[in-house]
Amino acid sequence: MAAEGHETAAPTAGEYIIHHLQHLQNGTQNGIADFSVVNMDSLFFSILLGVLGCFFLWRAAKSATSGVPGRFQAAVEILVEVVADQAKGIVHNANSRKLVAPLALTVFVWIFLMNAMDLLPVDLLPWIWQQITGDHHAKLRVVPTADLSMTMGLSVGVLITCLIYNVKMKGAGGWAHELVAAPFGDKVWLYPVNFAMQLIEFVAKTVSHGMRLFGNMYAGELIFMLIALMGGAWSLSATGIGLAIGHIIAGSVWAIFHILIITLQAFVFMMLTLVYIGQAHDAH
(Lines give C-alpha, C1' and ligand atoms only; values in the text may rest on other atoms or scores of the structure.)
Protein backbone atom coordinates (compact mmCIF):
# COMPACT_ATOMS: atom_id res chain seq x y z
CA MET A 1 0.00 0.00 0.00
CA ALA A 2 2.85 2.34 0.85
CA ALA A 3 4.53 1.65 -2.46
CA GLU A 4 1.25 2.25 -4.33
CA GLY A 5 0.75 5.54 -2.56
CA HIS A 6 4.29 6.58 -3.42
CA GLU A 7 3.68 5.89 -7.13
CA THR A 8 0.61 8.14 -7.23
CA ALA A 9 2.21 10.92 -5.21
CA ALA A 10 2.73 14.25 -6.92
CA PRO A 11 6.29 14.96 -8.06
CA THR A 12 8.51 17.21 -5.98
CA ALA A 13 9.59 20.60 -7.31
CA GLY A 14 12.93 19.16 -8.38
CA GLU A 15 11.33 16.18 -10.13
CA TYR A 16 8.87 18.48 -11.90
CA ILE A 17 11.64 20.71 -13.28
CA ILE A 18 13.89 17.79 -14.25
CA HIS A 19 11.00 16.15 -16.10
CA HIS A 20 10.22 19.34 -18.04
CA LEU A 21 13.86 19.82 -18.98
CA GLN A 22 14.08 16.42 -20.68
CA HIS A 23 13.53 16.01 -24.41
CA LEU A 24 11.49 13.54 -26.42
CA GLN A 25 14.38 11.60 -27.98
CA ASN A 26 14.78 8.75 -30.42
CA GLY A 27 17.00 6.85 -27.98
CA THR A 28 18.87 6.99 -24.72
CA GLN A 29 21.64 9.54 -24.58
CA ASN A 30 25.01 8.27 -23.40
CA GLY A 31 27.33 11.06 -22.36
CA ILE A 32 27.13 14.83 -22.77
CA ALA A 33 27.54 14.68 -26.56
CA ASP A 34 25.84 11.80 -28.33
CA PHE A 35 25.25 12.56 -32.02
CA SER A 36 23.22 9.38 -32.51
CA VAL A 37 20.42 10.85 -30.37
CA VAL A 38 17.97 13.33 -31.89
CA ASN A 39 15.71 15.62 -29.87
CA MET A 40 12.52 14.87 -31.77
CA ASP A 41 10.48 17.61 -30.09
CA SER A 42 12.94 20.37 -31.03
CA LEU A 43 13.10 19.03 -34.58
CA PHE A 44 9.31 18.87 -34.91
CA PHE A 45 8.53 22.32 -33.52
CA SER A 46 11.39 24.04 -35.36
CA ILE A 47 10.28 22.61 -38.72
CA LEU A 48 6.62 23.36 -37.99
CA LEU A 49 7.36 26.97 -37.02
CA GLY A 50 9.73 27.41 -39.96
CA VAL A 51 6.97 26.33 -42.37
CA LEU A 52 4.49 28.57 -40.53
CA GLY A 53 6.84 31.57 -40.74
CA CYS A 54 7.40 31.02 -44.47
CA PHE A 55 3.64 30.75 -44.96
CA PHE A 56 3.05 34.08 -43.19
CA LEU A 57 5.67 35.82 -45.35
CA TRP A 58 4.32 34.20 -48.52
CA ARG A 59 0.78 35.17 -47.59
CA ALA A 60 1.83 38.77 -47.01
CA ALA A 61 3.64 38.90 -50.37
CA LYS A 62 0.73 37.32 -52.22
CA SER A 63 -1.91 39.60 -50.72
CA ALA A 64 0.18 42.78 -50.99
CA THR A 65 -1.57 45.66 -52.75
CA SER A 66 -0.38 49.03 -54.03
CA GLY A 67 -3.21 50.76 -52.22
CA VAL A 68 -3.66 51.35 -48.51
CA PRO A 69 -2.20 48.25 -46.80
CA GLY A 70 -3.97 46.35 -44.07
CA ARG A 71 -2.45 45.93 -40.64
CA PHE A 72 -0.84 42.60 -41.45
CA GLN A 73 0.69 43.85 -44.69
CA ALA A 74 1.85 47.05 -43.00
CA ALA A 75 3.53 45.10 -40.19
CA VAL A 76 5.34 42.83 -42.65
CA GLU A 77 6.40 45.80 -44.80
CA ILE A 78 7.83 47.59 -41.76
CA LEU A 79 9.73 44.43 -40.76
CA VAL A 80 11.09 43.98 -44.30
CA GLU A 81 12.22 47.62 -44.44
CA VAL A 82 13.95 47.40 -41.08
CA VAL A 83 15.83 44.24 -42.06
CA ALA A 84 16.69 45.68 -45.49
CA ASP A 85 18.08 48.86 -43.91
CA GLN A 86 20.20 46.88 -41.47
CA ALA A 87 21.50 44.65 -44.27
CA LYS A 88 22.33 47.69 -46.41
CA GLY A 89 24.29 49.28 -43.61
CA ILE A 90 26.34 46.16 -42.85
CA VAL A 91 26.70 44.25 -46.14
CA HIS A 92 27.83 46.78 -48.74
CA ASN A 93 27.73 44.42 -51.72
CA ALA A 94 24.36 44.98 -53.44
CA ASN A 95 24.48 41.63 -55.20
CA SER A 96 25.07 39.77 -51.93
CA ARG A 97 22.17 41.57 -50.26
CA LYS A 98 19.77 39.90 -52.69
CA LEU A 99 20.35 36.71 -50.70
CA VAL A 100 21.55 38.03 -47.36
CA ALA A 101 18.56 40.32 -46.66
CA PRO A 102 15.91 37.59 -47.18
CA LEU A 103 18.11 35.24 -45.16
CA ALA A 104 18.21 37.73 -42.27
CA LEU A 105 14.44 38.23 -42.47
CA THR A 106 13.86 34.46 -42.38
CA VAL A 107 16.25 34.08 -39.43
CA PHE A 108 14.44 36.79 -37.46
CA VAL A 109 10.93 35.46 -38.11
CA TRP A 110 11.92 31.83 -37.48
CA ILE A 111 13.75 32.50 -34.22
CA PHE A 112 11.00 34.84 -33.01
CA LEU A 113 8.37 32.13 -33.54
CA MET A 114 10.52 29.50 -31.81
CA ASN A 115 11.15 31.86 -28.89
CA ALA A 116 7.44 32.69 -28.67
CA MET A 117 6.65 29.07 -27.79
CA ASP A 118 7.88 30.00 -24.31
CA LEU A 119 4.71 32.08 -23.84
CA LEU A 120 2.48 28.99 -23.94
CA PRO A 121 1.46 27.49 -20.57
CA VAL A 122 4.28 25.24 -19.36
CA ASP A 123 2.17 22.10 -19.02
CA LEU A 124 -0.28 22.58 -21.90
CA LEU A 125 1.43 20.84 -24.84
CA PRO A 126 3.22 18.24 -22.66
CA TRP A 127 -0.17 17.33 -21.14
CA ILE A 128 -1.76 17.03 -24.60
CA TRP A 129 1.12 14.82 -25.71
CA GLN A 130 0.70 12.63 -22.63
CA GLN A 131 -3.00 12.20 -23.41
CA ILE A 132 -2.21 11.26 -27.01
CA THR A 133 0.44 8.70 -26.07
CA GLY A 134 -1.31 7.45 -22.94
CA ASP A 135 1.98 7.81 -21.07
CA HIS A 136 1.72 10.21 -18.14
CA HIS A 137 5.51 10.36 -17.95
CA ALA A 138 6.02 11.22 -21.64
CA LYS A 139 8.56 14.00 -22.17
CA LEU A 140 8.10 17.01 -24.43
CA ARG A 141 9.88 20.37 -24.64
CA VAL A 142 8.27 22.94 -26.90
CA VAL A 143 10.88 25.75 -27.05
CA PRO A 144 13.43 24.76 -29.72
CA THR A 145 15.76 27.66 -28.90
CA ALA A 146 16.08 26.41 -25.30
CA ASP A 147 17.82 23.37 -26.82
CA LEU A 148 21.59 23.88 -27.16
CA SER A 149 21.83 21.50 -30.11
CA MET A 150 19.31 23.65 -31.99
CA THR A 151 20.96 27.02 -31.33
CA MET A 152 24.41 25.65 -32.06
CA GLY A 153 23.05 24.17 -35.29
CA LEU A 154 21.80 27.62 -36.26
CA SER A 155 25.15 29.22 -35.46
CA VAL A 156 27.03 26.55 -37.41
CA GLY A 157 24.73 27.31 -40.36
CA VAL A 158 25.78 30.96 -40.12
CA LEU A 159 29.43 29.89 -39.95
CA ILE A 160 29.08 27.82 -43.13
CA THR A 161 27.44 30.79 -44.87
CA CYS A 162 30.34 33.02 -43.79
CA LEU A 163 32.91 30.53 -45.08
CA ILE A 164 31.11 30.37 -48.44
CA TYR A 165 31.12 34.15 -48.75
CA ASN A 166 34.79 34.33 -47.77
CA VAL A 167 35.65 32.07 -50.70
CA LYS A 168 33.13 33.72 -53.04
CA MET A 169 34.28 37.30 -52.41
CA LYS A 170 38.03 36.75 -52.01
CA GLY A 171 38.64 33.58 -53.95
CA ALA A 172 40.06 30.42 -52.43
CA GLY A 173 43.63 31.69 -52.74
CA GLY A 174 42.84 35.14 -51.39
CA TRP A 175 41.04 33.78 -48.36
CA ALA A 176 43.76 31.22 -47.71
CA HIS A 177 46.30 34.04 -47.75
CA GLU A 178 44.15 36.08 -45.37
CA LEU A 179 44.01 33.16 -42.94
CA VAL A 180 47.78 33.26 -42.50
CA ALA A 181 48.42 36.99 -43.06
CA ALA A 182 45.85 38.57 -40.71
CA PRO A 183 45.68 40.06 -38.16
CA PHE A 184 49.40 40.47 -37.32
CA GLY A 185 50.83 41.00 -40.78
CA ASP A 186 52.08 39.15 -43.84
CA LYS A 187 55.27 37.69 -42.39
CA VAL A 188 56.15 34.02 -42.77
CA TRP A 189 57.18 33.59 -39.17
CA LEU A 190 53.77 34.97 -38.08
CA TYR A 191 51.75 32.61 -40.29
CA PRO A 192 51.14 29.97 -37.55
CA VAL A 193 50.08 32.64 -35.06
CA ASN A 194 47.76 34.34 -37.54
CA PHE A 195 46.19 31.03 -38.54
CA ALA A 196 45.62 30.07 -34.89
CA MET A 197 44.01 33.44 -34.19
CA GLN A 198 41.72 33.07 -37.20
CA LEU A 199 40.59 29.64 -36.02
CA ILE A 200 39.97 30.95 -32.51
CA GLU A 201 37.93 33.84 -33.93
CA PHE A 202 35.70 31.57 -36.02
CA VAL A 203 35.16 29.15 -33.13
CA ALA A 204 34.52 31.92 -30.58
CA LYS A 205 31.99 33.70 -32.82
CA THR A 206 30.14 30.46 -33.56
CA VAL A 207 29.99 29.27 -29.94
CA SER A 208 29.00 32.66 -28.52
CA HIS A 209 26.38 33.11 -31.25
CA GLY A 210 24.59 29.89 -30.30
CA MET A 211 25.21 30.03 -26.55
CA ARG A 212 23.80 33.56 -26.20
CA LEU A 213 20.42 32.59 -27.63
CA PHE A 214 20.33 29.28 -25.75
CA GLY A 215 21.26 30.83 -22.39
CA ASN A 216 18.59 33.51 -22.52
CA MET A 217 15.80 31.19 -23.64
CA TYR A 218 16.79 28.41 -21.23
CA ALA A 219 16.71 30.87 -18.33
CA GLY A 220 13.32 32.19 -19.45
CA GLU A 221 11.91 28.67 -19.69
CA LEU A 222 13.21 27.83 -16.22
CA ILE A 223 11.62 30.93 -14.70
CA PHE A 224 8.24 30.00 -16.21
CA MET A 225 8.59 26.57 -14.60
CA LEU A 226 9.29 28.13 -11.21
CA ILE A 227 6.25 30.37 -11.59
CA ALA A 228 4.16 27.32 -12.55
CA LEU A 229 5.31 25.63 -9.34
CA MET A 230 3.76 28.46 -7.34
CA GLY A 231 0.34 27.69 -8.79
CA GLY A 232 0.91 23.97 -8.39
CA ALA A 233 1.82 24.36 -4.72
CA TRP A 234 -1.41 26.26 -4.07
CA SER A 235 -3.59 23.79 -5.97
CA LEU A 236 -2.15 20.89 -3.99
CA SER A 237 -2.44 22.44 -0.55
CA ALA A 238 -5.23 25.03 -1.03
CA THR A 239 -3.86 26.77 2.04
CA GLY A 240 -1.74 29.56 0.62
CA ILE A 241 -3.94 31.91 -1.38
CA GLY A 242 -0.88 34.16 -1.64
CA LEU A 243 0.77 31.56 -3.87
CA ALA A 244 -2.16 31.66 -6.30
CA ILE A 245 -2.11 35.45 -6.42
CA GLY A 246 1.66 35.48 -6.77
CA HIS A 247 1.42 32.89 -9.55
CA ILE A 248 -0.97 35.05 -11.56
CA ILE A 249 0.91 38.30 -11.01
CA ALA A 250 4.39 36.87 -11.55
CA GLY A 251 3.27 34.89 -14.59
CA SER A 252 1.63 37.93 -16.20
CA VAL A 253 4.53 40.28 -15.49
CA TRP A 254 7.17 37.82 -16.69
CA ALA A 255 5.17 36.97 -19.84
CA ILE A 256 4.87 40.67 -20.75
CA PHE A 257 8.58 41.23 -20.11
CA HIS A 258 9.42 38.03 -21.97
CA ILE A 259 7.80 39.40 -25.14
CA LEU A 260 10.63 41.94 -25.19
CA ILE A 261 13.22 39.23 -24.55
CA ILE A 262 12.08 36.90 -27.32
CA THR A 263 11.96 39.79 -29.82
CA LEU A 264 15.33 41.15 -28.72
CA GLN A 265 17.03 37.76 -28.90
CA ALA A 266 15.70 37.17 -32.42
CA PHE A 267 16.91 40.62 -33.44
CA VAL A 268 20.35 40.14 -31.87
CA PHE A 269 20.81 36.77 -33.59
CA MET A 270 19.79 38.31 -36.91
CA MET A 271 22.12 41.30 -36.46
CA LEU A 272 25.08 39.08 -35.57
CA THR A 273 24.32 36.99 -38.64
CA LEU A 274 24.52 40.13 -40.78
CA VAL A 275 27.68 41.30 -39.03
CA TYR A 276 29.48 37.99 -39.51
CA ILE A 277 28.47 37.77 -43.17
CA GLY A 278 29.48 41.40 -43.63
CA GLN A 279 32.90 40.64 -42.15
CA ALA A 280 33.31 37.85 -44.71
CA HIS A 281 33.08 40.54 -47.42
CA ASP A 282 35.84 42.67 -45.90
CA ALA A 283 39.49 42.15 -46.70
CA HIS A 284 41.95 42.24 -43.80
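This passage describes the aromatic pairs and the largest nonpolar core of a predicted model. Local features were accepted at pLDDT of at least 70 and side-chain atom pairs at pLDDT 80 or more, whereas totals for chains, interfaces and linings use all residues. Residues are numbered from 1 along each chain as its sequence is written, and side-chain values use heavy atoms, with hydrogens and water left out.

Rings of Phe, Tyr and Trp (for Trp, the six-membered ring) were paired if their centres lie within 6.5 Å, and were classed as stacked with planes under 30 degrees apart, edge-to-face over 60 degrees and tilted for the rest. Eight aromatic pairs result from this rule. One of them joins F44 and F45, which is edge-to-face because the planes stand at 75 degrees, with the ring centres 5.2 Å apart. The pair of F55 and F56, in contrast, is tilted, with 50 degrees between the planes and 6.2 Å from centre to centre; F55, F56 and W58 together form one aromatic cluster. With buried defined as under 20% relative accessible area, exposed as over 50% and partly exposed as in between (1.4 Å probe, protein chains only), F45 is buried at 8%, while F55 at 42% and F56 at 35% are partly exposed.

A nonpolar core is a set of buried Ala, Val, Leu, Ile, Met, Phe, Trp, Tyr and Cys residues joined through side-chain atoms within 4.5 Å. The largest such core has 36 residues, and I111 and F269 have the most contacts inside it. Counting contacts as heavy atoms within 4.5 Å, and setting aside residues up to four places away in sequence, F269 touches V107, I111, L154, S155, V158, H209 and L213.
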